[in-house]
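Q: I would like a close look at one small part of this model, followed outward into its surroundings. Please start from a single residue and give the cut-offs as you go.

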Amino acid sequence: MIRHDYSRVDPKRRANIHHNKKQFAKAEFQQQTYEHRLNYYDVPPTAEITLEEFETWAINRLKVLSELEACSFRNRSQDETAEYMTNILAKHLPLRSNSSRGQNLQEERKKDHYSHFILRLAFSSTEDLRRRFSRLETALFRLRFKSDDLKERKEWVSTLNLEWEEVGDAEKAEISKQLAAAGNMKKEDDQEWFKVDWERVPELVDQRRVFLKRGKAYVPQKEQLSLVVAEFTKRLDEALELTARALPRLDEDDRLAPILAHLSQSFTAPDAAYTSSDASIDGLSTITSGAIDSLATNFPLCMQSLHNKLRADSHLKHYGRLQYTLFLKGIGLSLEECIIFWRRSFKLMTDDKFQKEYKYNIRHAYGDVGGDSNRRGRGYSPYSCQKILTEPLPGPGQSHGCPYRTFTQDNLMTMLQRTGINDRDLLKTIKEDVTKQRYHVACNRVFEHAHRKEIKKVKDDGSWTSNDLDTIVHPNTYFKRSWLLKHLGEGNAGMVNGKGEQMEM
């Protein structure tokens with residue numbers, strides 16, 4: 001529950017609110033306790049949290065789900081996914097077992113509980129969002145179930161009251177006899193079995209890992225994971241449908257609506273806040289306007305496209321200039337050097353026209369002029385992938401946006417080939433990603449292919465962790481990571497001088 005300020009609410013309505021709050025106070029404000037690490041999320045959270053917690057917890061969980069989805073798109077195995085997600089989960093959504101000596105188990109489980117329900121609310125509006133949310137939450141649950149302490153997992157499962165029947169000795173003997181007759185009897189089949197309707201374990205039926213008889217699936221003890229996961233998905237799908245029906249009737253706080261809208265938009269590509277540290281790169285000297293052409297080889301496709309268009313036409317329209325200016329600001333180009341860069345790029349324009357019509361907008365983007373007092377001196381933040389992908393599509397003559405979203409497939413393939421991407425299988429996969437609107441995934445594939453040798457090196461020598469190589473969701477992160485990988489071990493040899501030339505040691 002969010003803490004509300006009712007001082008501005010109409011007195012009559014405020015009286016009704018307080019009357020209802022008094023009626024349900026015991027239920028609503030009860031602080032829940034979490035005996036187990038795992039959760040089916042059957043019971044909604046009831047305690048108070050702040051708006052900041054509401055948003056921050058949801059964003060942390062969204063980051064985890066997005067990384068899980070990226071693992072799926074990259075065809076990582078379950079073991080590879082589990083290894084990759086270990087640090088991601090520890091950073092954004094830790095959830096330790098009771099045997100852990102940590103002091104914040106209840107807080108971790110509270111955050112997990114609330115963040116699930118917040119995203120459930122945000123992603124119930126459309127069938128596509130519900131389906132994706134269910135699939136990724138199921139993947140997260142499976143990951144946690146497999147890593148849970150065996151004793152604690154058994155205790156938690158015993159509390160579920162799942163509708164499965166234990167198979168008696170007589171039926172067990174019959175199953176063993178039929179399996180032996182068919183030549184499929186294995187030593188490990190001499191164990192406990194559960195009996196359920198076969199529709200509840202379609203994954204096991206498809207993989208022929210259960211014994212089928214008269215509409216029932218006989219499931220060995222070792223396959224308990226599939227039963228528990230299938231039940232998790234079933235309950236979540238039903239809950240999402242109920243939430244979707246309730247959404248139109250919800251009297252939401254005006255402050256929550258934009259947060260929920262932002263979260264659902266972020267499912268296109270996770271949002272990423274820009275910090276000044278993104279512009280700080282060890283070994284890269286102060287960037288000048290003359291270095292941009294040389295550095296452009298490390299730019300993501302969206303910024304390479306804008307740079308190439310600017311060099312070809314000596315001009316960009318407003319939204320393209322803004323997107324590119326903020327990116328250049330983000331990589332560390334100063335206001336003075338940015339003004340020089342744009343003036344030299346607009347070769348067909350007089351000084352007077354540039355001063356009157358263009359210089360002010362550059363200064364405004366940097367926060368040198370205009371804007372409110374909070375933005376003065378800081379200006380606007382460089383656009384994240386999520387921001388770029390959710391902006392209106394460019395019109396005639398405009399060049400802003402994400403090429404994976406705005407280009408035709410033929411034009412996209414041509415541009416990728418010009419940047420050195422010629423692998424046919426990769427280009428085919430990128431086409432599939434674009435068709436399914438997985439634009440940021442396609443961009444990450446290109447990055448990984450272009451830097452495959454360097455990524456292998458830092459993985460092999462352990463100099464970079466999985467957090468250093470998580471999914472890129474910001475153009476400035478793309479540039480920083482690309483530059484660092486391309487200049488591994490060079491130290492100052494990787495520095496760029498004012499002419500855009502590599503400096504010798």
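Does Leu-162 count as buried or exposed, and at what relative accessibility?

A: Happy to. Leu-162 counts as buried, at 10% relative accessibility, where buried means under 20% relative accessible area, exposed over 50% and partly exposed in between, with a 1.4 Å probe and protein chains only. Before going further, note that this is a predicted model, in which local features need pLDDT of at least 70, side-chain atom pairs count only at pLDDT 80 or more, and totals for chains, interfaces and linings use all residues. Residues are numbered from 1 along each chain as its sequence is written, and side-chain values use heavy atoms, with hydrogens and water left out.

Where does Leu-162 sit? It is in the loop between helix H7 (150–158) and strand E1 (165–166); helices (H or I, at least four residues) and strands (E, at least two) are DSSP runs, numbered from the N terminus. Setting aside residues up to four places away in sequence, Leu-162 touches Tyr-40, Val-228, Glu-231 and Arg-235, a contact being heavy atoms within 4.5 Å.

From there you can step across to Val-196, which is 34 residues from Leu-162 in sequence but 9.9 Å from it in space, C-alpha to C-alpha. Val-196 belongs to strand E2 (residues 193–197). It is buried because its relative accessibility is 1%. Apart from neighbours within four places in sequence, Val-196 is in contact with Glu-163, Trp-164, Val-201, Gly-215, Lys-216, Ala-217, Val-219 and Leu-227. For Leu-227 in that list, the separation from Val-196 is 31 residues in sequence and 8.9 Å between C-alpha atoms.

Next, look at the loop between strand E3 (211–213) and strand E4 (216–220), which holds Arg-214. Arg-214 has a positive phi of about 55° although it is not a glycine. With a relative accessible area of 79%, Arg-214 is exposed.

A useful comparison is Ser-314, whose phi is also positive, near 55°, in a residue other than glycine. Ser-314 sits in the loop between H13 and H14. At 13% relative accessibility, though, Ser-314 counts as buried.

The two helices on either side of that loop are worth a look too. H13 (residues 301–313) and H14 (residues 318–330) pack at an angle of about 120°, with their axes 10 Å apart; the axes are lines fitted to C-alpha atoms, for helices over the stretch in contact, and angles run from 0 to 180 degrees between N-to-C directions. On the H13 side, Cys-302, Met-303, Leu-306, His-307 and Leu-310 meet Gly-320, Gln-323, Tyr-324 and Phe-327 of H14. Sorted by class, this contact has 6 nonpolar, 3 polar and no charged residues, with Ala, Val, Leu, Ile, Met, Phe, Trp, Tyr, Cys and Pro counted as nonpolar, Asp, Glu, Lys and Arg as charged, and the others, Gly among them, as polar.

Tyr-324 turns up again in the largest nonpolar core, which has 60 residues; those with the most contacts inside it are Phe-299, Tyr-324, Trp-342, Tyr-404, Leu-416 and Ile-430. A nonpolar core here is a set of buried Ala, Val, Leu, Ile, Met, Phe, Trp, Tyr and Cys residues joined through side-chain atoms within 4.5 Å. Apart from this one lies another core, of 54 residues, among them Ile-49, Leu-68, Val-229 and Leu-260. Back in the largest core, Tyr-404 touches residues including Leu-301, Leu-412, Leu-416, Ile-430 and Val-434, not counting residues up to four places away in sequence.

A buried residue need not be nonpolar, as Lys-63 shows: with a relative accessible area of 16%, it is buried. Lys-63 is in helix H3 (residues 51–73) and, leaving aside neighbours within four places, is in contact with His-92, Asp-470 and Thr-471. His-449, in helix H22 (residues 439–450), also counts as buried, at 17% relative accessibility. Its contacts, on the same terms, are Ile-421, Asp-423 and Leu-426.

Finally, the wider setting. The protein chain comes to 24 helices and 4 strands, and 46% of its 505 residues count as buried. Among contacts with a separation of 6 or more, 68% are between residues 24 or more positions apart.
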